[in-house]
Amino acid sequence: MPVNSDDLVRKMARLMQRGAVMLEETCPLCGSPLFRLPNGDIVCPIHGKIKIVSSDEEASIIEAESVLRELIGYSAGKIKELMSNGSTPEDIGRWLLILEKAVEIGGNMRLSFSSSSQHEPSQRKSQGKEGS
Ligand SMILES: [Zn+2]
């Protein structure tokens, strides 16, 4: 969903009215410039308060998160493809394992930065097992 740029500008203006300073860093989620509030909080005009990358470790976590996201999408697509190909359960199972791992690891890491909404990151749907 593209961000309404008018809205973004308005939000940025409001931040500056509050004495926020625009930083060189950008939001890891949407790429908007980040602002530092007088109280020291780093905020994204779109996402609100943001935990800024402070160490290499965190940078690699963010990197890993995006890789995981891609992996989840990729393996899901692969499984779908294999299913329509009439592939063996072994082939599908291999990707299912990767998908499961990726989801599991993603659930352990904070896949979401949003501090305002505390929704569960893991949306584990119990999809009917098509065994036998
Ligand atoms: Zn953002």
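Two strands count as paired here if DSSP finds at least two bridges between them. With that in hand, let's walk through this predicted model.

**Stop one: the sheet.** Select the four strands, which form an open sheet in the order 1-2-3-4 with antiparallel pairing. Color strand 1 (21-26) and strand 4 (48-49) to see the edges, since each of these pairs on one side only. Next, pick strand 2 (residues 33-36) and strand 3 (residues 42-44), an antiparallel pair joined over two bridges. Where does Phe-35 find its bridge partner in strand 3? Click on Val-43 and you have the answer.

**Stop two: helix 2.** Now select residues 56-85, which make up helix 2. Its 30 residues reach 42 Å from the first C-alpha to the last, close to the 44 Å expected at 1.5 Å a residue. Step just past the end of helix 2 to Gly-86, where phi is positive, near 70°.

**Stop three: the helix pair.** Add helix 3 (residues 89-108) to the selection: it packs against helix 2 at an angle of about 155°, with the two axes 9 Å apart. Angles over 145 degrees count as roughly antiparallel, so that is how helix 2 and helix 3 run relative to each other. The crossing of helix 2 past helix 3 is left-handed.

To view the contact, show side chains on the helix 2 face, including Leu-68, Leu-71, Ile-72 and Ile-79. On the helix 3 face, residues to show include Ile-92, Trp-95, Leu-99 and Val-103. Coloring this contact by class gives 15 nonpolar, two polar and two charged residues.

Terms used: Residues numbered from 1 in each chain as written. Predicted model: local features only at pLDDT ≥ 70, side-chain atom pairs only at ≥ 80, totals over all residues. Axes fitted to C-alpha atoms, helices over the stretch in contact; angles between N-to-C directions. Parallel < 35°, antiparallel > 145°, perpendicular 65-115°, else oblique. Left-handed = near helix turned anticlockwise from the far one by under 90°. Contact = placed C-beta atoms within 7 Å. Nonpolar A, V, L, I, M, F, W, Y, C, P; charged D, E, K, R; others polar. Expected span 1.5 Å × (residues − 1).
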